[in-house]
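Here are my notes on the model you sent. Please read them with the coordinates open.

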Amino acid sequence: MRDARRIVESGYDSVAERYLEWSARIPDDPRRRFAAELTGRLDDGAQVLDLGCATFH
């Protein structure tokens, strides 16, 4: 299991910079708006499991 974890971690690390450069070029990127919509609907103290594999800058 540790090998699998290291393989996945290494894969994400190897594409991280390219992903950030690509995502910064998306005009009017809707991800922040979607996240704000979701958090606006949650009760105070709500717990959320994030299954996404992205980052916000």
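Is Leu-42 buried, partly exposed or exposed? The points below start there. Keep in mind that this is a predicted model.

1. **Leu-42.** This residue is partly exposed. Its relative accessible area is 32%, and partly exposed covers the range between under 20% (buried) and over 50% (exposed). Leu-42 sits in the segment after helix H2, which runs 31–41.

2. **The nonpolar patch.** Leu-42 shares a nonpolar surface patch with Leu-38 and Val-48. The patch amounts to about 240 Å². A residue needs over 30% relative accessible area to belong to a patch. Leu-42, at 32%, is therefore eligible on that count.

3. **Helix H1, length.** H1 covers residues 2–24, 23 residues in all. From first C-alpha to last, H1 reaches 32 Å. The expected value at 1.5 Å a residue is 33 Å, so the span is close to it.

4. **Helix H1, kink.** Look at Ala-16. A kink of about 45° in H1 is centred there. Please check this stretch by eye alongside the end-to-end span of 32 Å.

5. **Salt bridges, overview.** How many salt bridges does the structure hold? There are three. I take them in sequence order.

6. **Asp-3 and Arg-6.** These two form a salt bridge, with the closest N and O atoms 3.4 Å apart. The cut-off for a salt bridge is 4 Å, so the pair qualifies. Both residues lie in H1, three residues apart, about one turn of the helix. An α-helix has 3.6 residues a turn, so residues three or four places apart point the same way. Asp-3 and Arg-6 are both exposed.

7. **Asp-29 and Arg-31.** The closest N and O atoms of this salt bridge are 2.6 Å apart. Asp-29 is partly exposed, at 23% relative accessibility. Arg-31 is partly exposed too, with a relative accessible area of 21%. Buried would require under 20%, so neither Asp-29 nor Arg-31 counts as buried.

8. **Glu-37 and Arg-41.** Their side chains meet in a salt bridge at 2.7 Å, N to O. Both belong to H2, four residues apart, about one turn of the helix. Which class does each partner fall in? Glu-37 is partly exposed, at 43% relative accessible area. Arg-41 has 65% relative accessibility and counts as exposed, because the exposed class begins over 50%.

Note on methods: Residues are numbered from 1 along each chain as its sequence is written. This is a predicted model: local features need pLDDT of at least 70, side-chain atom pairs count only at pLDDT 80 or more; totals for chains, interfaces and linings use all residues. Side-chain values use heavy atoms; hydrogens and water are left out. Helices (H or I, at least four residues) and strands (E, at least two) are DSSP runs, numbered from the N terminus. The bend at a residue is the angle between axes fitted to the seven residues ending there and the seven starting there. Patches are made of residues with over 30% relative accessible area and no salt bridge: like charges are joined within 9 Å, nonpolar side chains (Val, Leu, Ile, Met, Phe, Trp, Tyr) within 5 Å. Accessible areas come from the Shrake-Rupley method with a 1.4 Å probe; for residues, only the protein chains shown count as cover. Buried means under 20% relative accessible area, exposed over 50%, partly exposed in between (1.4 Å probe, protein chains only).
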